[in-house]
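Thank you all for coming, and please open the viewer before we begin. I would like to walk through one structure from the outside inwards, and I will try to keep to what can be read from it.

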Amino acid sequence: MSEWLLIALIAVPTLTAVVLWALPVVTGDRIAALVGTIVSGVLLVVSFVLWWDMRRPHCPCTYQLVDTYGSPPRTVPGKLMPDVDINVPWIPSLGVRFHLAVDTISLPLIALTALLVLLCCVYSLKITPRIGRTRSLIALLLVIETGVIGTFAAADLVLFFVFFEIVLIPMWLVIDIWGDDHDRAGRRRAATTFILMTVLGSALMLLGFLLIHRHAGTFDLVFLGQHPIKGGHGVPLAAAILIAVGLAVKMPLWPLHIWLPDAHAKAPTVGSVLLAGVLLKLGSYGMIRILLPVLPDATATIAPYLAGFSVVAIIAGSLACLAQTDVKRLIAYSSVGHMGFIGLGIATMSPEGLNGALYANLAHGIITGLLFFLAGAIKDRHDTSDLRAIGRALYARLPRISGLLTYACLASLGLPGLAGFWGEMLVLLGAYHPADWLPRATFIVLMVIAGLGAVLTAAYFLRLIRELCQGDPAENPPAAFAVDLSRIEFVTFAPLVVLTVFLGLWPFTLLNQWTFL
Amino acid sequence: MIATAWRVAGVGFSLLVVLAAALLYGVDPQQTMAGGAMIGEDFWFSYEFRTDGLTVLMLAIVGVVSTCVQVYSIGYVRERIASYTALVTLFTAAMVTVVISDNLFLLLIGWEVMGVCSYLLIGHYWERRDARAGAMKAFLMTRLGDVGFLFGIFVLGVGYHTFRISELGSGPIEPHTLTIGTILLLVGVIGKSAQVPLQTWLPDAMPGPSPVSALIHAATMVAAGVFLIARLYNVFVEAQTTLTVLAVVACVTMLFAASCAMAAVEVKRVLAWSTVSQLAIMFAGLSLGTHDGRRAALFQLLTHAAFKGLLFLCAGVLLHQVGSAAFVVLRRYTRRGASRKQLRVTFVTMTIGLAALAGVPGFAGFFSKDSVVEAAWEQAKDGSTVGWIVLVSVCVTTAMTAFYCVRMWLWVFFRTPALAGAVGAFEGDDPMADLDEPDANKLRDGSWLMLAPMVLLAIGAIGLGYTDGVHLNVVIALITTVLALLGGLAAYSLWHRGADPRPVVLEREYGVDPAYQRLFVVPVGWLAKLAVGNDRDVIGAYVRATGRAGVLASQGFRKLQTGNVQTYLAAAVVGAVALAILAGVIGS
């Protein structure tokens, strides 16, 4: 039963896309968003059913065990513990199998993907890029959904790579065709940079996979998780570096982030939301899923460097945000900082850091999704995303939208009580208390710098609020046709707003998922 | 409609807090928890709550002050009522969370939500530049402290293997871990309670609505710092170094802030500095590390909540009626006692509030301040340096406090007998302003909704002094009274002569703000430009160069594709030979 649901999660979006393309253009454009909404809604339900199904058998007795037996040695989490398992031969001559499996690390991310695609489709019911061609846009979003969910569910390295690549082309098209309609050259350049850098990264990653295969003789993640590759130098180290660099491009970590601000800024609203909300998570998910459990020793060797680059990403990303004059670019750069926190959490190799990274993954997806939706709403109303051109005193002109923007900014800067806090906090706690085999002094220094980065994060978001939302209304008269929050926007944003509060106030449901790692 | 609903909800919630305090009064300490998650094998996270005497005291303070503020706001706030009331309610709820939490992270949630509410409320008048800047500054400075606070939680929590407040302090911990942890917590406290060196945000937070200032200064936010140390007192007492640091910070702050208050020329700014100074007195009490010191500090917290809340509400009436709280404007309304007569209730209650602040015998502030001095004397008697420092600083501060209270009272409500009303005593005082008399007849005391809370707090500002049982050390009472009298007389004689000398260094508040601007804000701006430039010109250049190299290479390869079979064959042979040699070299 569960196996079929998992297959459906991956197959249905693409099949729907094919059906949409098979329809005549006029009909397709009319019903595309509706079809997408229904399909992705069903998929969201399916992913929750899977999740619910998985939660049932586990008893919440892990921590009581600890009390009785004293604390066992801290283990490295991230190992794939398949719950739903589909395993059939695919390319026997290479030893590649079509192996899908989900566990509590991947399912929340799958649910997040389904949710964000659903919201993008709902949003597209009424609001689409000016260029039109809704049918293809929705179809491409659904193909992206297939790729992302496939990546999260893949239990075979080659399969992981394949799904990882499937995502790229549709995203490239989305940026190139539906991107910023004022800057044709710019959006093409952004799309090209995006695809070239990511393809380069995934090529390196594939090389790393081949090295693993050469060393261990299999691509199977479940097997590799149970029999990790020992040794922190030589071939495992080379593999770890290649995979880390490849995933770091996607994530992105400084200095490989250069594709990100352009791609986010030029993409249409739905593209930005998926790019930030979901696609970046492929990188961090890959690190948690592949680097840590498969190459633990080699990862320990590179972890301090990974942590160092992550902290530089936090600081450099935040500083760059302070100097931005474009809303979408600013939010894009903020992602660099937030993904830096996630990278730091992974690099600590401690349960706290890992939990923090996983939590921050979800929180960032929700909050940054909301931020990009709001930035899109503001951009649609002013036909520009340049801060100076939009003017100030948005509180007076668009009170609801700017109120929500303030809320999203506060959530994004890691306010306790909202979703962004727990991830950041646990990451910092992990850095204070890293795995035993890592240099603790280094990580404490990095923790302090990352903490200052959190202050900088607050600084640029407050600056955004001050430059955009506040100001003298007399100097910034309202635009003639500016409508505050429309109904479809309300419907789209509301789930994200509610989830932000829920994840902020009640982190235990999710955190308990990851206790038995 | 929505606004009314919010108002009802706001007042109702505050009353609920008062009710909770009343019901919990005298109940045995209890603890409970909700939710929970185990992270790794070491840490247990959950929401834990507790109630004990300290909780009840704080709940009562928070409930009463926020009820007063909510009721007062009905008459005071005219625009954006719904968001204002909602935020004030959230603010109160956050403080309640801090007070009842038994878990450091839950406490942190309340702690920072308060910070953000104060940010949003200070920026309530976001049309004004000073409000925008003040709000942002308040949030960033407290946030900076909060990062230290978070790290302090890590250090103590990992050290004690628990994040539960009631379990902290039990169990072995290395002394230096304890010291580092408590110092880091202290950083958060200093940020929140606006002590030196993170003091500059509080005076700049004054553009916010007056009732909000009353709430921030009297019961929530800044008082949270004092509460936290009182709550974790058994941990702090173990760390002598931290207490010494706290004593030094407190003593420097009380003198610094009191001297700034002596030179401020705006009612709310004087009150803001006086809050900083009074909080420092509470911290000084706490830094003694004795039971008496803690008790005195909490007593001071209680009385301060009443009289400082009252004073800000009075300032709100002045702002509401006159439109400004600057001395230079207010003194124009003093001719023939106009402001006193028209704003009778305000005048009387403000006088009570200032008397309590200045420590006039019989008023609440007198007793609480004396109890701090007494606790310091108990320590100093035994030869404790910290005791002596605290004792001397509080005594000096008493004189300075009396000075600025009397100065403010006289300049705001009375006309100086000096020549021509001493026009020109304040900057921006227009010599001609005295000629066109402002229409003082329009001044009206606020509606009863605004006056009732003021009267209630005024009663508190007198009566709360007697709640702790009157136990007076006559010598100390005499000394502080004489000191206060000296300060008051100095202010009176200056006012009588129509002079208001303000040393430049005090007017600039020791130049701390411009220094911070130069030291931190400007360099961060440079770094931001550097980061953007680095992305564009360095990393971007590599990417562009790679792209260009790719294009060039492809052009080069296109030239190679001549279609000539011999060329291909030759290249293939050369390549094969080269590879063979290479393989041989590597293999050998």
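What follows is a short tour that goes from one chain to the contact between chains, then to the domains, the core and a few backbone details. Please keep in mind throughout that this is a predicted model.

Let me start with chain A, which contains 22 helices and two strands. Its radius of gyration is 22 Å, close to the 24 Å that the globule rule gives for 517 residues, so chain A is as compact as a globular protein of that length. If you turn chain A onto its principal axes, its C-alpha atoms fill a box of roughly 65 × 55 × 45 Å. Of the 517 residues in chain A, 62% are buried. When we take the contacts in chain A between residues at least 6 apart in sequence, 81% of them join residues at least 24 apart.

Now please bring chain B into view, and look at where it meets chain A. The contact involves 45 residues from chain A and 40 residues from chain B. On the chain B side, at least two residues each come from strand 1 (30-39), strand 2 (43-51), helix 4 (104-122), helix 5 (129-160) and helix 22 (512-560). Which of these elements gives the largest share of the side of chain B that touches chain A? That is helix 5 of chain B, with eleven residues. As for the character of this side of chain B, its residues divide into 27 nonpolar, eight charged and five polar.

Staying with chain B, there are two annotations from UniProt that I would like to place on the model, both from an unreviewed entry. The record puts "domain: NADH-Ubiquinone oxidoreductase (complex I) chain 5 N-terminal" at residues 41-79 of chain B. Over that stretch, residues 41-79, chain B is 62% helix and 23% strand, and the end C-alpha atoms are 52 Å apart. The other UniProt annotation, "domain: NADH:quinone oxidoreductase/Mrp antiporter transmembrane", covers residues 101-380 of chain B. Over residues 101-380 the chain is 77% helix and 0% strand, with its end C-alpha atoms 35 Å apart.

Separately from those annotations, a domain assignment divides chain B into domain 1 (1-238), domain 2 (301-507) and domain 3 (518-587). Between domain 1 and domain 2 of chain B, the C-alpha centres lie 28 Å apart, and 18 residues of domain 1 are in contact with 19 residues of domain 2. Helix 2 (53-76), helix 8 (210-218) and helix 9 (222-231) of chain B each supply at least two residues of the domain 1 side, and helix 2 gives the most, with nine residues. That side of domain 1 holds 14 nonpolar residues, four polar residues and no charged ones.

This brings us to the interior. The largest nonpolar core has 406 residues, and those with the most contacts inside it are A:Leu141, A:Leu274, A:Leu374, B:Val226, B:Ala284 and B:Ala461. Helix 13 (residues 291-322) of chain B gives the most to this core, with 18 residues. Where does the core lie relative to domain 1 and domain 2 of chain B? Both of these domains give residues to the core, so it lies between them. To see one of its members in detail, centre the view on B:Ala284, whose contacts, leaving aside residues up to four places away in sequence, include B:Ala247, B:Ala250, B:Cys251, B:Met254, B:Val372 and B:Val390.

I will finish with the backbone, where a few loops deserve a careful look. In chain A, the peptide bond between A:Trp254 and A:Pro255 is cis, with omega about 0°, and A:Pro255 sits in the loop between helix 10 (235-250) and helix 11 (259-266). In chain B, a cis peptide bond runs from B:Val196 to B:Pro197, with omega near 10°, and B:Pro197 is found in the loop between helix 6 (175-192) and helix 7 (201-204).

Two residues that are not glycine have a positive phi: A:Met349, at about 55°, and B:Tyr510, at about 65°. A:Met349 lies in the loop between helix 14 (327-348) and helix 15 (351-382) of chain A, whereas B:Tyr510 lies in the loop between helix 21 (504-507) and helix 22 of chain B. Is A:Met349 buried or exposed? It has 27 other C-beta atoms within 10 Å, and because 20 or more count as buried, A:Met349 is buried. B:Tyr510, with 15 other C-beta atoms within 10 Å, is partly exposed.

Key. Residues are numbered from 1 along each chain as its sequence is written. Chains are lettered from A and ligands numbered from 1 in the order in which they are written. This is a predicted model: local features need pLDDT of at least 70, side-chain atom pairs count only at pLDDT 80 or more; totals for chains, interfaces and linings use all residues. Two residues are in contact if their C-beta atoms, placed from the backbone, lie within 7 Å. Helices (H or I, at least four residues) and strands (E, at least two) are DSSP runs, numbered from the N terminus. Ala, Val, Leu, Ile, Met, Phe, Trp, Tyr, Cys and Pro count as nonpolar, Asp, Glu, Lys and Arg as charged, and the others, Gly among them, as polar. UniProt positions are given in the numbering used here, feature names are shortened, and annotations may be inferred rather than shown by experiment. A residue is buried if 20 or more other C-beta atoms lie within 10 Å of its own, exposed if 12 or fewer, and partly exposed in between; C-beta atoms are placed from the backbone. Domain bounds come from an automatic or database domain assignment. A nonpolar core is a set of buried Ala, Val, Leu, Ile, Met, Phe, Trp, Tyr and Cys residues joined through C-beta atoms within 7 Å. The radius of gyration is taken over C-alpha atoms; the globule rule is 2.2 Å times the number of residues to the power 0.38.
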